[in-house]
Every structure is written in C-alpha cells, then in structure tokens.
Amino acid sequence: MSNVKTELLNKIQDKSAVVGIVGLGYVGLPLAVEFAKAGYRTIGFDVQSQKVDSVNAGQNYIGDIVGDTLKHVVESGALSATSDFSFIKDVDAVAIAVPTPLDKYQQPDISYVKGSTESVAKYMHSGMVIILESTTYPGTTEELLKPILEASGLKCGEDFYLAFSPERVDPGNKQYKTKNTPKVVGGVGKDGTEVAAALYRNVLEGGVYEVSSPAVAEMEKLLENTYRNINIGLANEMAIICNRMGINVWDVIDAAKTKPYGFQAFYPGPGLGGHCIPLDPFYLSWKAREFDYHTRLIETSGEINTSMPEYVVDRAMKVLNRNKTAMNGAKVLVLGVAYKSDIDDYRESPALNVIDHLIEEGADTTYFDPYISEYKHKGVIHTGAKELTDDLLKSADIVIICTAHACFDYDRIQELSKEVFDTRNAMKDVKDRSNIELL
C-alpha cells in the first residue's frame with residue numbers, strides 16, 4: 001500500500017481529514033452537514049454568495065435539513081462556507097455536487113462540473129480524494145475530470161484518487177435522507193474505490209456498494225431514473241387510454257398493486273418534475289448516439305411525459321366546454337406548483353408548463369401554493385395568491401390540482417369550487433364527487 005493511500009485512509013479513519021463540498025444545493029448542503037456532524041472539519045464551496053452567507057449565518061434554506069442542526073455545526077466550527085476556492089489547498093477530500101442541467105437543445109450541460117473541477121485542480125495537492133456526485137453521462141469522471149485534474153501535474157491513482165458516487169436525494173422523503181440512503185461508489189482503480197468508500201462508510205449509515213468503475217456508477221444512476229421515467233410514462237399513457245374508455249385509472253392501479261409480485265405501482269400526473277427524472281434519460285440518449293444506438297423506449301416515454309401539461313389543459317378545456325364556458329377568458333386556479341407534495345422545490349415542475357399553456361389559451365390564470373409564493377420560469381416571474389380564500393375558490397371557473405399538498409382542505413375545495421380537475425387523485429377521500437374530474 002502506497003504511503004499516499006495509507007496516510008489518506010488514516011486521516012479518514014481518525015477524522016483528521018478536512019472535507020470540501022463543492023455546491024451547496026439540495027445535494028451538497030445536506031452532505032456537508034452530515035460530514036460535519038460526523039466529526040470532520042468541513043468547508044462548503046459555492047459561487048453564489050447568498051448561499052455562502054446563509055450557511056455561515058447558520059440559516060437553513062434546504063427543507064431536508066433541520067435548521068438547528070445546521071446552526072449547531074456552524075457555531076461549533078465544524079462547518080463553514082466560502083466562495084474562495086484557494087481553500088481547496090487545506091482539504092483532503094472533495095465531493096463535487098453541482099447542477100447538471102440540459103441546454104436548449106436537450107443536451108447535457110456539464111459546464112458547472114467542468115468549471116468546478118478546474119477550480120479544484122488549480123489548488124489541489126497530493127494525498128486527496130475527489131468524488132463527483134453530480135448526475136451525468138457514463139464516462140464523465142474518466143473522460144472529463146481525470147484529464148483536468150492531471151493537468152495539475154499530479155497523477156490519478158498515485159498522487160490523488162478519483163471516484164464517482166451518484167447523489168440519491170429525494171426532497172421531502174420522511175424515511176430516507178442522506179444519512180441512511182445506500183451509497184454506490186465506483187473509483188478509478190481499486191484504490192480509488194477503496195478510499196472513496198472508506199470516506200462514506202465513516203459518515204453514512206445506509207451502507208456503501210462498491211462497483212468496478214466510475215462508468216458503472218454513472219450508468220446505474222441513469223438506470224434508476226430512466227426506470228421511473230419509463231414507468232411513469234406508461235402510467236400516463238394508461239390514464240389517457242382509460243379516460244377514453246370511461247375507466248378510472250386510479251382504481252385500475254389500486255387493483256393491480258394487490259399483486260404481491262411482478263408489479264410496482266407508478267402513478268400518472270400532469271408531467272414530470274425535479275432535477276433527475278425529467279432530465280437524466282436525455283443524458284443516456286445523448287451518450288447512446290455516440291455508439292450509434294437510438295433509445296426508442298426512453299425517448300417515447302419522454303415524449304408522453306412531456307406532453308402531459310398540454311393534455312391537462314386540453315382536458316380542462318373540455319370540462320369548461322360542458323358548462324358552455326370558453327377557456328379564453330375563463331378564470332382558472334391552479335393549486336400547487338411544487339414538483340411534488342409538501343416541498344418548496346419547483347425545479348422542472350410540470351405545473352409551470354400547465355400554467356404557461358393556460359395563459360397561451362387566454363385563461364385568466366392564478367395559482368396558490370403555500371410553499372412557493374413566487375417562481376421564475378422562462379425568464380418570467382409569477383406571483384401566487386397569498387391565501388386560498390373562499391372568494392378565490394368560488395370565483396374560479398375551474399380549479400386544477402397539480403400538486404397534492406397534504407395541507408390543502410380538499411373537502412372545502414370541492415364544496416366551494418364550480419369544477420375541480422384533479423390530476424393527482426388528491427381528492428380520493430372526498431365523498432361528494434359531483435364536480436370532480438379525474439385525470
């Protein structure tokens with residue numbers, strides 16, 4: 001065992017290693033807090049000064065972190081944040097957790113990963129382990145990060161170690177958090193895997209699963225989310241078919257999930273939201289083209305899911321038509337713009353596209369979300385209603401439920417609304433269903 005590896009493993013084991021987290025968003029900040037709680041001196045890096053200032057003030061902006069926990073690790077000196085990447089020189093382990101969006105051509109935008117890696121390379125030193133957590137296409141770690149880091153003059157596998165360990169964050173999940181979710185790790189060489197796995201094992205309780213390479217770890221992350229994308233696409237297509245046949249798709253799914261084997265329930269809705277599920281399949285499709293393969297099933301499910309906001313508006317239009325009301329000029333109230341229930345995250349939320357389509361059709365559109373008072377979409381800032389008043393519900397020609405927040409009083413919504421279009425089956429327990437239309 002080399003001296004570099006031995007010294008680094010010893011530092012990891014006795015927790016004298018300093019950990020750096022690049023990117024203090026939904027992935028990075030919870031990870032930084034867990035390292036700090038476990039006894040590692042942790043430095044968070046972010047180019048957004050607002051996030052840096054909030055962390056250093058102990059002010060939490062991520063729903064999955066208990067505010068007092070962040071405040072405690074900051075006040076104890078275990079966690080601090082900075083925009084100055086020169087402090088990488090003081091760090092022994094780096095986890096990169098920055099956004100990996102799609103560009104306007106639906107192709108991977110890895111500029112944040114590239115920029116962050118270049119910033120790390122500028123100040124890195126011998127005896128480090130660097131781990132990419134950002135979701136990306138297979139090959140990124142070895143094809144992009146490794147050459148950038150080795151341009152420092154240090155050699156991967158000898159002077160420093162490199163690995164990929166995909167983030168697994170489910171905002172709002174009450175059972176699985178960063179601490180107890182299993183971690184997959186694939187390093188460049190066995191030593192890279194061993195060092196990265198040792199770091200996570202010393203902090204997390206969910207266990208670490210080692211794979212043979214970064215590419216395997218990168219691909220398994222895409223498989224996780226493509227699996228969900230495809231099955232949700234199937235559920236959405238079933239919803240369309242069932243509606244035409246006059247069958248309740250929610251009853252169909254409830255019946256199917258009684259089978260104790262061979263079936264997992266997925267549910268339809270107004271589309272897909274969040275950073276991962278709507279985007280990750282495009283990373284795989286883009287990379288597959290390099291190998292002369294067309295991902296037909298993946299792209300078809302993507303087309304179905306992407307079309308759902310327009311389908312929702314079309315269905316709402318038909319409900320209004322039954323009441324001899326035109327969509328153009330109709331008062332439409334959208335309930336919920338978060339991409340899932342009970343969180344304040346609207347990244348890629350299908351509700352935003354539903355609202356855009358409603359406005360395009362001339363509807364007088366208002367939204368209410370208790371977690372999101374305003375949002376920015378395609379350069380436009382939308383401000384929601386401050387309260388879900390009786391008058392707001394009564395005045396709407398149709399109420400569209402896009403997000404099934406638990407705090408909504410669905411009996412009250414049904415009672416006061418002229419028509420309700422429920423895209424989430426949120427009103428399943430409401431007894432009077434005379435004015436409820438299901439997706």
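Helices here are DSSP runs of H or I that are at least four residues long, numbered from the N terminus. Keep that in mind, and remember too that what you're looking at is a predicted model.

Let's try the numbering out on helix α11, which covers residues 296-322. Because lysine 318 and aspartate 314 are four residues apart in this helix, about one helical turn separates them. Their side chains meet in a salt bridge, with 3.7 Å from N to O. Lysine 318 has a relative accessible area of 49%, so it counts as partly exposed. Aspartate 314 is partly exposed as well, at 34% relative accessibility.

Helix α11 also takes part in a salt bridge that reaches much further along the chain. The side chains of glutamate 437 and arginine 315 meet at 3.0 Å, N to O. This pair ties together distant parts of the chain, since glutamate 437 sits in strand β15 and arginine 315 in helix α11, 122 residues apart. Both glutamate 437 and arginine 315 are buried.

Strand β15 brings us to a sheet. It's an open one, with five strands in the order β10-β9-β13-β14-β15 and parallel pairing. At its edges are β10 (364-368) and β15 (436-438), each of which pairs on one side only. Going from strand to neighbouring strand, the turn is 20° on average, direction ignored.

Now zoom in on the β10 end. Strand β9 (residues 331-335) runs parallel to β10, and five bridges join the two. In this pairing, valine 334 stands opposite tyrosine 367 in β10. Helix α12 (residues 350-360) packs on the sheet, where it touches β9, β10 and β13 (398-401). The direction of helix α12 makes about 160° with that of β10.

For a look inside, pick isoleucine 398 in strand β13. Is isoleucine 398 buried or exposed? Its relative accessibility is 0%, so it counts as buried, the cut-off being under 20%. Leaving aside residues up to four places away in sequence, isoleucine 398 touches Ala316, Val319, Leu320, Lys331, Val332, Leu333, Glu419 and Phe421. As a way of getting your bearings, the C-alpha atoms of isoleucine 398 and arginine 244 are 21 Å apart, with their places 154 residues apart along the chain.

Next comes another sheet, this time of eight strands. It is open too, with the order β3-β2-β1-β4-β5-β6-β7-β8 and mixed pairing. Strands β3 (79-82) and β8 (208-211) stand at the edges with a single partner strand each, so one side of each has no neighbour in the sheet. The twist from one strand to the next averages 25°.

Within this sheet, take strands β1 (residues 18-22) and β4 (residues 93-96). They pair in the parallel sense over four bridges, and isoleucine 21 stands opposite alanine 95 in β4. Lying across β1, β4 and β5 (128-132) is helix α5 (residues 111-123), which runs at about 165° to β4.

Back to charges for a moment. Side chains of opposite charge can pair when their charged atoms come close. How many salt bridges does a search of the whole structure find? The count is 23. One more worth finding is the salt bridge between aspartate 191 and lysine 5, whose closest N and O atoms are 2.8 Å apart. This pair, too, links distant parts of the chain: aspartate 191 belongs to helix α7 (residues 189-201) and lysine 5 to helix α1 (residues 3-14), 186 residues apart. Aspartate 191 is partly exposed, with a relative accessible area of 30%, whereas lysine 5 counts as buried at 6% relative accessibility.

Finally, head out to the surface. Leu234, Met238, Ile241, Met245, Ile247 and Val252 make a nonpolar surface patch of about 510 Å². Which helix gives the most to the nonpolar patch? That is helix α8 (residues 214-245), with four residues. Methionine 245 lies in helix α8, and because its relative accessible area is 59%, methionine 245 is exposed.

Key
Residues are numbered from 1 along each chain as its sequence is written. This is a predicted model: local features need pLDDT of at least 70, side-chain atom pairs count only at pLDDT 80 or more; totals for chains, interfaces and linings use all residues. Side-chain values use heavy atoms; hydrogens and water are left out. Two strands pair if DSSP finds at least two bridges between them. Axes are lines fitted to C-alpha atoms, for helices over the stretch in contact, and angles run from 0 to 180 degrees between N-to-C directions. Contact means heavy atoms within 4.5 Å. Patches are made of residues with over 30% relative accessible area and no salt bridge: like charges are joined within 9 Å, nonpolar side chains (Val, Leu, Ile, Met, Phe, Trp, Tyr) within 5 Å. Accessible areas come from the Shrake-Rupley method with a 1.4 Å probe; for residues, only the protein chains shown count as cover. A salt bridge is a side-chain nitrogen of Lys or Arg within 4 Å of a carboxyl oxygen of Asp or Glu. Buried means under 20% relative accessible area, exposed over 50%, partly exposed in between (1.4 Å probe, protein chains only).
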